[in-house]
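Okay, everyone, thanks for coming. Let me put the model up on the screen, and then I'll walk you through a few spots.

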Amino acid sequence: MDPVSVARALVEEMFPGALYAFVGGSVLTERRTKTSDLDVVVVLDGLATPYRESLRWQGWPVELFVHSETSLRAYLDKDFDRRQPSLARMCVDGAVLADRTGGRASDLQAALGERLAAGPPDLTSAQAERARYGLSDLLDDLEGATDPGERTFIRWQVVQETARVALGVGQWWQGSGKWLLRELRAHDPELAEELLEAHEDPARLAAVASGVLERAGGRLWEGYRAEGDPFHRPLRHVPSGTLSGETAQSSGMRRLAAISGAGAGSERLWMGQTHVAPATRSSNHHHGASETAIYVVSGTPSFVFLEGGEEVRLETRPGDYVFVPPYVPHREENPDPSQEAVVVIARSTQEAIVVNLPDLRSR
């Protein structure tokens, strides 16, 4: 059987209720080898914990990447942020095995394809200088190395860093292992072959790497200086009357931002208040990748989530704390018919992330 038919049969047997699924990777291309596996991305409704699993199915090696729609978006964003969109390429370049959503699989492929085609953002000046400095330093090490073993390791490091600098200044995606070479071949096939041919010849390799450095602005070592002073920034005072309602909201509650990137210049922390009116409950929601800490100021709010498919209710009072892990669907309720509930929220992301949901199931 062909790889797509095998993968489709696997999904039908192992994940009959999958929202949608893809098969991708080398097995669908001319680069297929006898060890190429089936890279199968499966999206399930209500999956609490995404996972990766390696197995054999009907004699085929299989790499499973099993996600909810929420976790898939999170992993895709993480790959794009680090400039290595391997999961996105599996989906975009792969074949759709199932789609019970009326087209969300093909919509996702189109959106990811546009994102891949746009390329990563330009390197900042600090990133570009750091890349130039790193490769320049490696070339000095290569020139001065006398130990054959060290010289071998340095040569391969020069090959990889030269590729990364070329991809970075060329506003192209990165990769690791074989994917670094594949990205370089897609971006600059001539340079890829030059590096492969020169990797055993230190002088020739240094010449190729120096040529790439010229594209990036030339060698940089003497005079390189990376400054950073996180120790002398001023404190920021946010008076109680200046809290902002310009933040993500859920029905049934009112959020006010106190410490944020926009308001206080924070980089990793968001902090603010949440007010829940008497006899009111919020919509179901989660806070994405944020870890969330809650301190109860007044009232007796309840926090509701699912565990083992059953609702669990945490009843709190002033002075209590609650921790909400990333991506966990939950809601806040205020059962008191006469008193507003007020809590202070601290989150591990710069701005408030709120994803409203129809129910408490993971998606």
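So, what is the strand order in the open sheet of 4 strands? Reading across, the order is β8-β14-β11-β12, and the pairing is antiparallel. The two edge strands are β8, at 280-281, and β12, at 310-315, and each of them pairs on one side only. Before I go on, please keep in mind that this is a predicted model.

Let's stay with that sheet for a moment. Strand β11, residues 302-307, runs antiparallel to β12, and 6 bridges join the two. If you want a pair to click on, take F303: its bridge partner in β12 is L314.

Just ahead of the other edge there's a backbone detail. A279 sits in the loop between β7 (270-276) and β8. Its phi is near 50°, so we have a positive value in a residue that isn't glycine. And is A279 buried or exposed? Exposed, because its relative accessibility is 58% and the cut-off for exposed is over 50%.

Q171 is another one of that kind. Phi of Q171 is near 50° too, again positive and again not a glycine. This one is in the loop between α6 and α7. With a relative accessible area of 33%, Q171 counts as partly exposed.

That loop brings us to α7, residues 178-187. Which residues of this helix are buried? They are L180, R182, E183 and L184, so yes, there's an arginine and a glutamate in that list. The cover over the buried residues of α7 includes α3 (86-93), α6 (148-169) and α8 (189-198).

Now scroll back to T101, in the loop between β5 (95-99) and α4 (104-118). T101 counts as buried because its relative accessibility is 18%, and the cut-off is under 20%. What does its side chain reach? One polar contact, at 2.5 Å, joins it to the side chain of D99. The T101 side chain also reaches the backbone nitrogen of R104, at 3.0 Å. Leaving aside residues up to four places away in sequence, T101 touches L19 and Y20.

Last stop, the surface. Y295, V297 and Y321 make a nonpolar patch of about 320 Å². Y321 belongs to strand β13, residues 321-324, and it is exposed, with a relative accessible area of 65%.

That's my tour. Happy to rotate anything you'd like to see again.

Key: Residues are numbered from 1 along each chain as its sequence is written. This is a predicted model: local features need pLDDT of at least 70, side-chain atom pairs count only at pLDDT 80 or more; totals for chains, interfaces and linings use all residues. Side-chain values use heavy atoms; hydrogens and water are left out. Two strands pair if DSSP finds at least two bridges between them. Buried means under 20% relative accessible area, exposed over 50%, partly exposed in between (1.4 Å probe, protein chains only). A polar contact is a pair of N or O atoms within 3.5 Å; within protein, one must be able to donate a hydrogen and the other to accept it, and residues adjacent in sequence count only if both atoms are side-chain atoms. Contact means heavy atoms within 4.5 Å. Patches are made of residues with over 30% relative accessible area and no salt bridge: like charges are joined within 9 Å, nonpolar side chains (Val, Leu, Ile, Met, Phe, Trp, Tyr) within 5 Å. Accessible areas come from the Shrake-Rupley method with a 1.4 Å probe; for residues, only the protein chains shown count as cover. A salt bridge is a side-chain nitrogen of Lys or Arg within 4 Å of a carboxyl oxygen of Asp or Glu.
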